[in-house]
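Hi,

Here is the model I promised to pass along. Have a look at it first, and my notes on how the chains sit against each other follow below.

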Number of protein chains: 6
Amino acid sequence: MSNEFTHFDAKGDAVMVDVSEKDITERIAEAAGSVSMKPETLAMIARGDHKKGDVLAVARIAGIQGAKKCPDLIPLCHPLMLSSVKLEFQLNEADSKVEIRSRCKLSAQTGVEMEALTAVSVAALTIYDMCKAVDKGMEIGEIRLLSKSGGRSGDWFAEDKAP
Amino acid sequence: MSNEFTHFDAKGDAVMVDVSEKDITERIAEAAGSVSMKPETLAMIARGDHKKGDVLAVARIAGIQGAKKCPDLIPLCHPLMLSSVKLEFQLNEADSKVEIRSRCKLSAQTGVEMEALTAVSVAALTIYDMCKAVDKGMEIGEIRLLSKSGGRSGDWFAEDKAP
Amino acid sequence: MSNEFTHFDAKGDAVMVDVSEKDITERIAEAAGSVSMKPETLAMIARGDHKKGDVLAVARIAGIQGAKKCPDLIPLCHPLMLSSVKLEFQLNEADSKVEIRSRCKLSAQTGVEMEALTAVSVAALTIYDMCKAVDKGMEIGEIRLLSKSGGRSGDWFAEDKAP
Amino acid sequence: MSNEFTHFDAKGDAVMVDVSEKDITERIAEAAGSVSMKPETLAMIARGDHKKGDVLAVARIAGIQGAKKCPDLIPLCHPLMLSSVKLEFQLNEADSKVEIRSRCKLSAQTGVEMEALTAVSVAALTIYDMCKAVDKGMEIGEIRLLSKSGGRSGDWFAEDKAP
Amino acid sequence: MSNEFTHFDAKGDAVMVDVSEKDITERIAEAAGSVSMKPETLAMIARGDHKKGDVLAVARIAGIQGAKKCPDLIPLCHPLMLSSVKLEFQLNEADSKVEIRSRCKLSAQTGVEMEALTAVSVAALTIYDMCKAVDKGMEIGEIRLLSKSGGRSGDWFAEDKAP
Amino acid sequence: MSNEFTHFDAKGDAVMVDVSEKDITERIAEAAGSVSMKPETLAMIARGDHKKGDVLAVARIAGIQGAKKCPDLIPLCHPLMLSSVKLEFQLNEADSKVEIRSRCKLSAQTGVEMEALTAVSVAALTIYDMCKAVDKGMEIGEIRLLSKSGGRSGDWFAEDKAP
């Protein structure tokens, strides 16, 4: 990895980094996160599949839309043309939390990590929004990159995800 | 608190809840979150104040803009006219993380919790973006509401923040 | 009703009409529309409720988000703070179409008709998008205002909806 | 055509479909729609060319901008870089309606049908907005794809448009 | 006027200023600007009224839409609900330039100067865009506030506009 | 250069020009502009570097974000995928103004001039916004293209910038 920030120039001014010399390669990033909540809240989400109101279906759409809004939200992100966005949710009853995973893909000169992380974050915020009437003490956490592939800097895996 | 989700109607269909009967009152919400990282990364951010590139200044702007985009990101949020947004960052060297706090305020028929949480989330994502060239293993976490005031449901405080 | 266009000034130039003298009153608008399709396509949507992929849940979210984007889409629309948006879908098997109805509400100086019509239009486009792999010949139609209430010009009902 | 929805995965969850394996080819789509209105309203629009306020000029700009906003409006649409958007209006006095046609073009891995349909829809909504002070009973309809070309699934024409 | 910047707090950090204690009053702002160009370019715009392509009609729509996007463009601007936006263009043949004026109005806790200036800027950029194929040397200038009224700080007039 | 407007078709109707036949080449554009102000205001900005609030850091972020929003602001602009955006500010004490320069880069079928000009305009508006509490008489001006390279029409330089 680099040992300096790439989003500032030599004078310390923020820049949208010049990626025009980079190759266009297929890039994939996977990210994860979670929303911890009371067991009762998790149980209500679980019942949602059966027509009591599907929290996760709304969060999934919000996460996909959020990935597309990434360059609008993150000041120095390049605009990208995502070729795929996928979100998955797992209800973890043991730890009383919803686990979120995203996977984004595109062919471009720059990576797709921020899109994957933004998809998870917006999905998590949407879950909070939809459940906050019953549980204001929920906590969004564990948002991190799981892996990335493609691009000059090579593949990368979170320590617990190394192949 | 309610014991059912308010964002679905009796048939389980998502709705933007009717708030037209609610009073217009002043509402304040405070939220927090953090970005955990390697000590070296935190040290680089710390040096940023002295003209090596100010990561937190960029994240602060992104967080304020993020609060304004909340109804665009969270499907069932009402459009709101924020009257104040403020973000604060603390470098916690003991735990090697940046701590983020936001405070949002407005006069409206509905609360401003989601704006405060979105401000923290977008600021955290921006910190990740600006530091990812040196540290891809950072983790965004501890995103939660600290307190809210105003509105029919009364004031609320996170357990460790009760007055 | 007026007998001239209000969105142009005396010289014929487009303006965002000055509504500052109007009263703030509660305003409600209802709109409708439909998407005609092959009976097989309608049957596939019907099965969607049972975990084959819920087209209407996605269209509902898109319609609610679309209502919020109305001032961004329609050049001379005023920005508004919607206090409620609701969409309903009915599967009309006799005529092989999905019927869409929306209801928008707010307290403002200007009406909410365009938001209701935009919600229906965006929901219809989303249905088209999600079904186009199986049926490209679908037709979106019958998009119209059903009723409006509130505001200086008084209540209005579509001819077949008069009370 | 496919006999299943492509916007859901095997579990019935919505996804932004992976198009990364598709070829980049030139793609063109044409769509149409109409706004039916009172003859007097149509006559007022007709006079608009002569400096009484040009409804169709505003609707044309709105439609072009609408095409660009398509991935923001339609949840599972891919972001695209349109290389051309064109809208045409025809005043049909016999049937007392404005007829709208759009044509969108790009080189991409996915088609441009939704952009063409969105352009027509937003133009139609803008016509409604600009004329609603004189005619609230207008109806937007007949929004459909006329043809598409390019891409793996080959060319497609509406039944009455086959070459 | 103040003798310090209001968009930074005591520590020098950017904030969206708290306006919640301010009165809601009617506020009006007028701004101006110009686009200088070759006489031939100005002549082409002048002919535009007569169906050769109306540059100013497009710029007017862009300026009105631009005013609405102001809080999205200017990081520390409050979201506002404009009640009126108006743009006027004057062809100044003596100085070979298009003169632009805007007027924005709303009832709010904060002023509408930035909306008026943004309307002028976006209209000017649109004129540049539409004429750049024939004249790349155009210059946008003289963008300034002409007057503002309403609000605690009282009325203000540009020196040459004092009543 | 052309001797007619390219953004209108033969009938004088606005179009998003078809660029699908153009080559994809690397394109660079540089633009400039300034904000004239009282010497005291300029002095306050100059002190900003030393933790009194950094006006130019905020304006730089706004300008970079503004470049990305160009196709949303300028009606007939093509959506583009910028590969680099850079803004520079110079405090000109002799003339009591902030000078702004931008440089945008991408590989595309159409030029990047509007993005460079929009970056400068939004940065200038942001400077105005942040200083308006102390100086409402500031003037934004001298916004112009300095140079462009790449594309069929060849390189272009402002008269005083010719190599």
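Chain B and chain D do not touch in this predicted model; their nearest C-alpha atoms are 10 Å apart. The story for chain A and chain E is that they don't touch either, with 10 Å between their nearest C-alpha atoms.

Chain A and chain B, on the other hand, are in contact: 57 residues of chain A meet 57 residues of chain B. About 4900 Å² is buried between chain A and chain B, and carbon and sulfur atoms give 70% of that. If you want names to look up, try F5(A), L125(A) and K136(A): they supply 15% of the area chain A buries against chain B, more than any other three residues.

On the polar side, I get 6 residue pairs in polar contact between chain A and chain B, counting pairs with both residues at pLDDT 80 or more. There are also 2 salt bridges across this interface. One links K69(A) to D72(B), with the closest N and O atoms 3.6 Å apart.

Which elements of chain A face chain B? At least two residues each come from α1 (39-47), α2 (55-68), α3 (70-73), α4 (113-131) and β4 (139-149). The largest share is from α4(A), with 12 residues. By type, the side of chain A that touches chain B splits into 28 nonpolar, 12 polar and 17 charged residues.

One last thing to look at is the strands: β4(A) pairs with β4 (residues 139-149) of chain B, antiparallel, over 2 bridges. There you'll find I143(A) opposite I140(B).

Cheers

Methods. Residues numbered from 1 in each chain as written. Chains lettered and ligands numbered in written order. Predicted model: local features only at pLDDT ≥ 70, side-chain atom pairs only at ≥ 80, totals over all residues. Heavy atoms only, no water. Contact = heavy atoms within 4.5 Å. Buried area = accessible area lost by both parts, 1.4 Å probe. Salt bridge = Lys/Arg side-chain N within 4 Å of Asp/Glu carboxyl O. Polar contact = N/O pair within 3.5 Å; in protein donor to acceptor, adjacent residues only side chain to side chain. Helix = DSSP H or I, 4+ residues; strand = E, 2+ residues; numbered from the N terminus. Nonpolar A, V, L, I, M, F, W, Y, C, P; charged D, E, K, R; others polar. Pairing = 2+ DSSP bridges.
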